[in-house]
Every structure is written in structure tokens, then in C-alpha cells.
Amino acid sequence: MEITYASTSSRDVTTAERPVSPSSSSAMPHSRPVKVIPLQHPTAPSSSSSAAAAGNSLWLRWRSKVKRMTCAQWIEVFLPCVRWIRTYKWREYFQIDLMAGITVGVMLVPQAMSYAKLAGLEPIYGLYSGFVPVFVYAIFGSSRQLAVGPVALVSLLVSNVLGAIVDSSDELYTELAILLAFMVGVLECIMGLLRLGWLIRFISHSVISGFTTASAIVIGLSQAKYFLGYDIVRSSKIVPLIKSIIAGADGFSWPPFVMGCVILAILLVMKHLGKSRKYLRFLRAAGPLTAVVLGTAFVKIFNPSSISLVGEIPEGLPSFSVPKDFGYITSLIPTALLITGVAILESVGIAKALAAKNGYELDSNQELFGLGVSNILGSFFSAYPTTGSFSRSAVNHESGAKTGVSGIVTGIIMGCALLFLTPLFEYIPQCTLAAIVISAVMGLVDYEEAIFLWRVDKKDFLLWTITSTTTLFLGIEIGVLVGVGASLAFVIHESANPHIAVLGRLPGTTVYRNVEQYPEAYTYNGIVIVRIDAPIYFANISHIKDRLREYEIEVDKSTRRGPEVDRVYFVILEMAPVTYVDSSAVQALKDLYQEYNSRDIQIAISNPNRDILLTLSKSGVVDMIGKEWFFVRVHDAVQVCLQRVQSIKEMPTTPDPPPEERPSLLQRLLRQTGEDLSIPELESGNQRPPASTDTNPQLEPLLPRKP
């Protein structure tokens with residue numbers, strides 16, 4: 001349906017103010033019909049009834065969804081493993097899952113001991129952390145390829161916070177690490193149940209990359225003591241670590257340094273071959289086990305006294321015990337929150353990527369709940385905080401894992417190691433475990449990301465630099481806080497200073513685009529078309545008003561067409577990209593209308609969505625501006641405004657009356673005389689009367705006619 005507006009003239013100006021039928025417009029020999037699609041104005045219910053309706057709608061949708069759920073679907077909500085158990089193809093999947101589970105298990109055993117040492121714990125607690133949580137996650141986790149267990153970054157966070165509370169040799173240190181696992185699990189479950197995983201989206205990828213890069217460097221330096229043969233200070237800052245390394249240079253020992261470097265070189269070569277050649281990809285997973293076997297064999301054969309060993313490791317499975325020392329909860333909350341954030345960013349991100357690659361859907365909040373349950377139950381069996389591992393998950397995926405059976409197999413491997421292999425572990429050199437940690441974290445040093453950000457987005461590069469620098473020099477907690485704060489500051493700045501574009505018409509079309517992006521687009525004299533590319537709310541309304549005033553004054557006349565007038569008479573706001581307006585924006589629109597009205601400038605609104613139109617209607621803005629100034633398309637608004645500009649141009653020049661007697665825009669339209677110009681002349685600015693009176697309604701208004 002379209003409404004046809006006739007061009008305004010002195011004989012019947014009222015036809016320009018109200019819709020007329022095509023038959024009546026054809027009776028006007030000197031006017032051309034302007035076809036405008038009518039904008040549907042929603043009815044404005046009372047605020048209380050609309051709020052109640054919204055609440056009822058949400059309740060009805062939720063109740064309908066709950067009613068539609070079957071018993072099997074309810075079981076799947078709490079036990080996601082049921083989804084793959086029901087469709088498991090034993091002949092096709094079991095052999096693949098078995099091999100993937102063995103591969104990851106062989107990789108996890110030495111890594112778990114290495115990461116426990118990084119966390120300041122005895123190696124046995126790394127094995128415990130890779131045992132129970134793996135089984136629990138296979139049942140409650142929704143990802144079928146994610147490999148859960150100890151990871152380097154979480155281990156560093158545990159070491160950093162607990163080292164400031166108690167000495168690592170104290171039994172309280174171990175109790176607090178187990179308590180921390182319980183706290184992290186509770187936080188993850190709460191966030192999963194309340195569906196708060198979206199909060200972490202405010203941390204940008206550049207912040208995470210900078211944080212992990214700096215943390216990897218700190219982790220690598222913290223392991224240097226096992227290579228150098230002497231103790232260095234425990235710190236998460238790079239300066240104290242380097243000072244300690246230099247200060248203790250007198251205690252340098254060659255045997256552990258040479259052995260550590262050789263093992264590290266073997267690990268890096270095997271990792272490179274496993275990544276670069278598909279038929280050798282088993283080498284990537286076998287690297288840590290190979291390092292442990294070579295190191296242990298060397299010690300058993302040569303018995304070097306200068307190389308420190310892991311020492312005796314308790315044999316057997318972990319016993320059930322409730323976490324203790326709840327009095328330290330307050331001091332552990334910040335670290336628990338930080339570890340939870342790392343778990344969301346690392347684990348959920350990896351899990352989603354693996355789910356997409358393997359063709360199944362994954363609920364991030366359900367994934368958080370699964371990780372939380374695995375940490376809670378793990379803390380009852382002496383595990384410290386665990387999460388999804390990037391390297392082991394990648395190996396699991398590359399090994400072809402199809403379901404959580406691979407995780408169960410990995411747990412069985414860990415159980416066998418705890419039952420039968422711990423006597424062999426006491427001969428593992430400390431420098432071998434350090435080499436395993438260093439080779440794992442070297443992949444976290446993401447310098448390629450920094451180069452990419454420098455080329456693509458300087459702001460993100462600045463975020464990366466700020467986060468990595470503060471993490472290196474001020475510590476992990478401060479680095480994360482500064483990085484997140486800078487990221488939020490950038491978000492707020494972008495939101496408070498949204499992109500606003502002046503639109504022009506592309507030649508030969510009714511399409512209006514940014515004149516800076518499309519230099520060939522032209523505008524019309526007396527009309528400014530502005531597109532606001534963001535929600536309008538209290539933080540950015542001042543910026544928007546300032547930009548509108550600038551556009552009113554700074555007019556580029558080189559690409560303008562239409563009747564030549566000395567100033568702006570119409571401002572058209574294209575609001576298609578605007579998704580939300582608040583009360584501050586509504587009041588600002590009222591103020592802007594009053595300001596423009598005092599200078600005889602009319603506002604026109606184009607293509608607002610239903611919610612915005614409803615807000616403007618309830619606040620009285622629609623009645624203030626006038627429903628006739630709300631349009632479906634920018635082109636509709638331009639058609640009406642262009643004819644009004646032409647009418648203003650044709651008004652006779654008279655001395656300016658006193659301000660109190662100055663006629664309004666409508667009064668001047670009522671006094672106008674003369675005929676309308678043809679469409680091509682309106683575009684070109686030629687003010688000669690039209691020779692043709694063609695009023696074919698099928699022609700698109702304002703388009704040049706073909707000869």
C-alpha cells in the first residue's frame with residue numbers, strides 16, 4: 001500500500017499535508033504525485049500493562065518450553081553424556097575413542113606432574129587432578145573432545161596467590177589449593193545455572209592474547225631454576241625473576257642445564273614434526289612421555305648427583321576428604337574469580353570450536369556447569385583447580401575422538417599410573433618436567449597475533465601491549481585488571497562516540513549511502529540526511545547532538561543538487577541501525593526538536609523499529625514531531641522534503657518581520673505561489689518551469705527520466 005502526496009502549490013497546499021488518491025492527483029496538471037509507503041504506528045499501551053504483557057510472554061514461552069520437554073530431554077539437561085550414549089556406534093567409534101584416550105592419557109601423566117610442580121604442589125596432586133575430574137567431566141560436560149585436567153596458566157595463578165599466603169612446603173598450602181578447586185567449581189556452577197557466561201564477552205581477544213603471552217614468559221622463567229641448578233625467587237613479575245636469576249649465577253650447574261636443553265630440543269622437534277606431517281602426528285602426543293622415559297633412563301644408568309629428582313610419590317588412588325580451612329575463603333575469592341574467567345575463556349572457547357568442527361551444538365552455560373561439577377567433586381579427592389587444556393584437546397581432536405569415551409579411557413590411564421607406576425616416577429629428573437612445561441607454554445607466546453593486530457587494528461594492538469606489559473611488570477592480577485579495564489574503556493568510548501554518517505543518494509537509484517564511503521553519492525540543498533549507527537542513550541546523546549549541529553553548519557555544496565537555498569530546512573534521521581533509545585535520548589530528541597523548530601528546521605524520522613517507535617509514541621515525541629514526518633524509507637522522506645524545499649525557494653522575498661510576527665514554515669507554505677519544477681530540474685537545481693506535465697504514477701519519483 002502506498003500513499004500519494006501531490007507537490008505543494010499555492011492553489012492547493014493542503015494536498016501536500018494529507019494523503020490524496022491517485023485520481024485526485026491526476027486532476028492537478030502542474031503537480032507530480034509523490035508515492036510514500038505509510039509507516040505503521042503501533043498502539044501505545046500503558047507502561048504497566050506492557051511490562052505485565054512482557055512478563056507474561058516470557059513466562060508463557062518458558063512454561064511452553066518446559067511442557068514440551070520429554071523425560072529424555074530433562075535427563076540430557078543434567079547428564080549431557082546421555083546424548084552421545086544413545087547414539088553411540090560401538091563398532092565404529094570405540095576403537096577410535098580408545099586410541100585417542102590412550103594418546104591423551106600418555107600425554108597427561110607427565111604434564112600433570114609438571115604442572116603440579118609449577119603450582120608449588122607435590123607431583124602426586126597433579127595426578128589426582130587428572131584423575132577424578134576427567135571422569136566427572138565425561139558425564140556432566142557437554143563437549144565430546146575437550147580434555148580436562150591441570151593446565152599451566154591455572155597452575156601459575158594457584159602458585160602466585162597461595163605463595164603470598166603460606167610457604168609451599170607447609171601442609172596448609174596444599175589444603176588451600178584443594179579449597180580453591182572447590183570455590184572455582186561453585187562459581188562455575190552458579191554462573192552456568194544463572195546463564196551468566198555472557199559476562200566474559202566483555203574481555204576482548206587481544207586482552208586474552210596479551211595476558212597469555214606474558215603469563216607464558218613468566219612461567220618459562222619460573223622453570224629456569226630446574227635448568228640452572230639453583231633456586232630463584234617465586235614471583236609472577238618478570239623483574240624479580242630476572243634479578244634472582246642473575247644474582248644466583250654463582251650456583252650455576254652444567255649437568256641439569258645440558259640435560260634440560262637436550263630434552264627441550266627433543267620435545268620441540270617432536271612437536272614440530274607432529275604438527276607439520278600428518279603421518280607423524282602421534283609424535284606430538286608422545287613427546288612428554290618420550291622426555292620422561294629418556295630422562296629416567298639417563299638417571300638410572302649414570303646416577304648423576306647434580307641432577308635433582310622428583311622423589312618418592314605416594315602409591316594408590318586418592319581418598320575421599322572434604323576441603324578444609326574455609327576461613328581463607330575471603331582471601332581466595334579474587335583468584336577463584338580469575339581462574340573461573342580463564343576457564344570460561346579457554347575451555348568454553350575451545351569446546352565451542354571443537355563442537356563446530358565435529359557438527360554438534362554446545363551450550364556454553366551447560367559447559368560451565370560441567371566444569372564446575374568436575375572441580376567440586378575433584379576437590380573431594382585432593383585435586384587442585386582444573387580446566388580444559390588447549391594442547392591436549394587439540395591432540396584429542398586430531399586423534400579422532402568422537403565422544404566422552406576417550407575421556408573415560410584417559411581417566412583409566414591416570415588410574416593405572418597412580419596404582420602401578422608411581423615407584424618409577426621418583427627417578428624423573430626435575431629438569432625434564434621443567435622442559436615439558438616450557439615446551440607447552442612456548443605455544444602461548446602469541447607474537448604473530450601482535451603483528452596481525454598492528455596491521456589490522458591499532459587499538460587492539462594497544463590493548464595487547466598494555467595487557468602484556470602490565471602482566472609482565474606488575475603481576476598477573478594487576479595485568480588482568482588493567483587489561484579488562486582498558487578493554488571496557490575502549491568499549492565505553494566507542495559506545496559514547498558512535499559512528500554517524502551523512503547519507504547521499506547513489507546516482508540512478510533510490511539507495512542512500514555514506515558520502516565518505518561513496519564519493520559519487522550526492523545530497524540535496526536544504527536537506528541533511530544523517531544515519532546513527534548505534535543505540536541512543538544517555539552516554540552518547542550529547543555527542544550525537546554535537547555532530548548534528550556540525551552537519552547543519554558544515555555543508556559540502558560540491559555534490560549537492562536541487563533548488564539552491566541558503567541554509568538547511570530539513571534534517572532526516574535514518575534510524576534503521578538504532579536498536580534502543582532510553583529516556584535521556586527521548587528528552588534530547590524533544591530538546592533538539594524545539595531547537596530546530598525555533599530556527600524553522602523540521603526533523604524527519606526514517607525507518608525506526610517497532611520498539612523505538614513505541615517508545616517515541618509513549619513519550620509524546622511522535623505527536624510533537626508529527627506522524628506525517630515518520631517514514632518507512634529515506635527516499636520517502638527526501639521526496640516530501642525536496643518538494644517543500646522547492647516551495648520555500650519559490651516564496652516571494654519580503655523584509656523580515658519582527659520575531660513575534662515571523663511566519664512559521666507552514667504559514668510560508670500557505671502563502672507560496674508558482675508551479676512545481678520537474679524532477680530532473682529539482683535534481684539539477686535548474687529553476688525553469690517544467691515543459692512536461694507527465695504524471696505517470698509508475699515512474700519512481702526523483703529519478704531522472706529517460707529521453
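# A guided tour: cavities, a pocket and salt bridges

Start by selecting helices α23 (541-553) and α24 (583-598): each of them supplies at least two residues of the lining of the second largest cavity. The model on your screen is predicted, so please read every value below as computed from that model.

**Stop 1: the second largest cavity**

With α23 and α24 still selected, add the lining residues Ile-532, Ile-536, Ile-541, Ile-544, Lys-545, Leu-548, Leu-573, Ala-588, Leu-589 and Leu-592. Together they surround about 60 Å³ of space. Which helix gives the largest share of this lining? It is α23, with 4 residues. Colour the lining by class and you will find 9 nonpolar residues, no polar ones and 1 charged.

**Stop 2: a salt bridge across the same two helices**

Stay with α23 and α24, and show the side chains of Glu-595 and Arg-549. These two form a salt bridge, with 3.1 Å between the closest N and O atoms. Glu-595 sits in α24 and Arg-549 in α23, so the pair links distant parts of the chain, 46 residues apart. Are the partners buried or exposed? Glu-595 is partly exposed because its relative accessible area is 21%, a value just past the 20% under which a residue would count as buried. Arg-549 is partly exposed as well, at 28%.

**Stop 3: the C-terminal pair, and a network**

Next, select Asp-636 and Arg-633. They form a salt bridge too, and the closest N and O atoms are 2.7 Å apart. Asp-636 has 0% relative accessibility and therefore counts as buried. Arg-633, by contrast, is partly exposed, with a relative accessible area of 25%. Before moving on, go back to Arg-549 and Glu-595 and add Asp-546 and Arg-599: salt bridges that share partners join these four residues into one network.

**Stop 4: one more bridge, between α21 and α22**

How many salt bridges does the structure hold? There are 8. Another one to display is the pair of Glu-494 and Lys-459, whose side chains meet at 2.3 Å, N to O. Glu-494 belongs to helix α22 (residues 476-496) and Lys-459 to helix α21 (residues 458-474); the two are 35 residues apart and link distant parts of the chain. Glu-494 counts as partly exposed because its relative accessibility is 40%, and Lys-459 counts as partly exposed at 38%. As a general reminder, side chains of opposite charge can pair when their charged atoms come close.

**Stop 5: the largest cavity**

Now for the empty spaces again. The structure holds 5 cavities of 30 Å³ or more, and the largest contains about 160 Å³ of space. Of its 18 lining residues, select Val-134, Leu-146, Ala-147, Val-148 and Gly-407, which are the closest to the centre. Then bring up helices α5 (90-118), α7 (132-140), α17 (390-398) and α18 (405-425), each of which supplies at least two residues of the lining. How does this lining divide by class? It has 8 nonpolar, 8 polar and 2 charged residues.

**Stop 6: the second largest pocket**

From cavities, turn to a pocket. The second largest pocket has a volume of about 820 Å³. Its lining consists of 24 residues, and those nearest the centre are Lys-65, Val-77, Arg-195, Asp-363 and Gln-366. Show α2 (47-68), α3 (71-78), α4 (81-86), α9 and α16 (364-379), as each supplies at least two lining residues. The largest share, 5 residues, comes from α3. By class, the pocket lining divides into 12 nonpolar, 5 polar and 7 charged residues.

**Stop 7: a nonpolar patch on the surface**

Switch to a surface view and select Trp-198, Leu-199, Phe-202, Leu-488, Val-491 and Ile-492. They make a nonpolar surface patch of about 530 Å². Zoom in on Leu-199, which lies in the loop between α9 (171-193) and α10 (205-222). Leu-199 counts as partly exposed because its relative accessibility is 38%.

**Last stop: Val-36**

Finally, select Val-36, which you will find in strand β2 (residues 34-36). Is Val-36 buried or exposed? At 4% relative accessibility, Val-36 counts as buried. Add His-635 and draw a C-alpha to C-alpha distance: it comes to 8.6 Å, although Val-36 and His-635 are 599 residues apart in sequence.

Technical notes. Residues numbered from 1 in each chain as written. Predicted model: local features only at pLDDT ≥ 70, side-chain atom pairs only at ≥ 80, totals over all residues. Heavy atoms only, no water. Buried < 20%, exposed > 50% of the residue type's maximum accessible area, 1.4 Å probe, protein only. Patch = residues over 30% accessible without salt bridge, like charges linked within 9 Å, V, L, I, M, F, W, Y side chains within 5 Å. Areas by Shrake-Rupley, 256 points an atom, 1.4 Å probe, with all protein chains shown as cover. 1 Å grid on protein atoms, 1.4 Å probe; cavity = no way out; pocket = protein on both sides within 12 Å on 5 of 7 lines; lining within 4 Å. Points joined across faces, edges and corners; volume = space filled by probe spheres on them. Nonpolar A, V, L, I, M, F, W, Y, C, P; charged D, E, K, R; others polar.
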